[in-house]
Amino acid sequence: MYSYDGNIYVPRSEGDALKGFILASAASSAIMGTMPLFTKPFTRQIKREHANNSLYRDTLIKALDVSGLREKGVRILDTQFTLSDKLIADPKQIIDKDIKAGVNACYIPTRKVVKLNADKACISGFHELGHAMNNLKGKLSNLLQKCRYPGYTLAGLMGTVALFSTPKPKDAPKNLEDHVRDNCGKIAFIAMLPTVAEEALASHRGIKLAKKSGLDKSLIKNLKKFYTKALLTYAGNAAATGLAVFAAAKITEHFTRPKKVNVQSSLAQPHFYQEV
Ligand SMILES: [Zn+2]
């Protein structure tokens, strides 16, 4: 029982809470299920670009010198032969499977290594060198890069908070926990923005570097298109996550917020009376 502002509120039943949990989970899964809309354009193009790999390969090698990154110890690791099965089997390295298949690439700041399949995915290399520049050549971009995993962790945590029941009536005084619960969708979205910004900056620097390294104009145009699609996957992920967390929180709140008991009407029609 919760008493506030002269009114009595009663907690909701376990059945209501279960209904809320099921609907909230279903809604957030449905929203996250829209992710292929954002990722498909990128995946389709990267597969098409395998045939054009030789057009980008030599300029990418040149870009490592032009950028000054080679001097700073950055290397490009060709994963088509070197990646061991042990690494692929490691769940933390699951992305390596995609890298070996040439449908993804990455930069590892702690090792100063760009990982890609040099026989298929050199088009991704300029963007990854952009990540290396973010890491080694800019304080703000380095900070944004460091926010990636804490940001994803915080967004994941907000997904859990969204499923916590709402213990108080709507206008009851709120503490920090209540404010976090009320804003968990926004917090999840904002937590992912540093990564979107860092990705955009890596592409911007990658395109600039490709130009400086002498990549043909028509290929630069194609590179811009490709990197825009890559950015869409990150922006889409942030938007879908924020929305999924928001929807889950609203549904949970609807099914778990205590209900007001109408004291006046129950007093007006008493079930018992006393003789005086
Ligand atoms: Zn990236």
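This is a guided tour of one predicted protein model, arranged as a series of selections.

**Before selecting**

Residue numbers start at 1 in each chain and follow the sequence as written. Because the model is predicted, local features are given only where pLDDT is at least 70 and side-chain atom pairs only at pLDDT 80 or more, while totals for chains, interfaces and linings use all residues.

**The whole chain**

Display the full protein chain, which contains 13 helices and six strands. Helices here are DSSP runs of H or I with at least four residues, strands are runs of E with at least two, and both are numbered from the N terminus.

Colour the chain next by pLDDT, the predictor's confidence in each residue on a scale from 0 to 100. The average over the protein chain is 89, and 89% of the residues score at least 70. Confidence is highest in helix α11 (residues 184-212), at a mean of 97, and lowest in helix α13 (residues 263-268), at 54. Where pLDDT is low, the predicted coordinates should not be read in detail.

Of the 276 residues, 32% count as buried. A residue is buried if 20 or more other C-beta atoms lie within 10 Å of its own, exposed if 12 or fewer, and partly exposed in between, with C-beta atoms placed from the backbone. Two residues are in contact if these backbone-placed C-beta atoms lie within 7 Å. Among contacts with a separation of 6 or more, 77% join residues 24 or more positions apart.

**The three-stranded sheet**

Select β3 (residues 75-78), together with β4 (106-108) and β5 (113-116). They form an open sheet in the order β3-β5-β4, with mixed pairing; strands pair if DSSP finds at least two bridges between them. The edge strands, β3 and β4, each pair on one side only. From one strand to the next, the twist averages 25°.

How do the two pairings run, parallel or antiparallel? β3 and β5 run parallel and are joined by four bridges, whereas β4 and β5 run antiparallel and are joined by three. To locate each pairing, show R75 opposite V113 in β5, then C106 with its bridge partner K115 in β5.

Stay on V113, in strand β5. V113 counts as partly exposed because it has 16 C-beta neighbours inside 10 Å. Leaving aside residues up to four places away in sequence, V113 touches R75, L77 and I108.

**The hairpin turn**

Move to K112, in the loop between β4 and β5. These two strands form a hairpin with four residues between them. The phi of K112 is near 55°, a positive value in a residue other than glycine. K112 is partly exposed, since 15 other C-beta atoms lie within 10 Å.

**Helix α7 over the sheet**

Select helix α7 (residues 125-137). α7 lies across β3, β4 and β5 and runs at about 160° to β5; axes are lines fitted to C-alpha atoms, for helices over the stretch in contact, and angles run from 0 to 180 degrees between N-to-C directions.

Its 13 residues should span 18 Å, because the expected span is 1.5 Å times one less than the number of residues. The end C-alpha atoms are 17 Å apart, which agrees. Of the 13 residues, 11 are buried, including F126, L129 and A132.

For a link back to the sheet, select V113 and E128: they are 15 residues apart in sequence and 9.2 Å apart in space, C-alpha to C-alpha.

**The nonpolar cores**

A nonpolar core is a set of buried Ala, Val, Leu, Ile, Met, Phe, Trp, Tyr and Cys residues joined through C-beta atoms within 7 Å. Which residues have the most contacts inside the largest core? They are A63, V114, L116, F126, L129 and A132, in a core of 28 residues. At least two residues of this core come from each of α2 (35-49), α3 (53-66), β5, α7, α11 and α12 (217-256). A second, separate core has 21 residues, among them V196, Y234, A240 and A248.

Select L116 and its contacts beyond four places in sequence, which include I76, I99, A105, G125 and E128.

**A last stop at K168**

Finally, select K168, in the loop between α9 (148-161) and α10 (176-182). K168 is partly exposed, with 16 other C-beta atoms within 10 Å. Add S3 to the selection: K168 and S3 are 165 residues apart in sequence and 9.5 Å apart in space, C-alpha to C-alpha.
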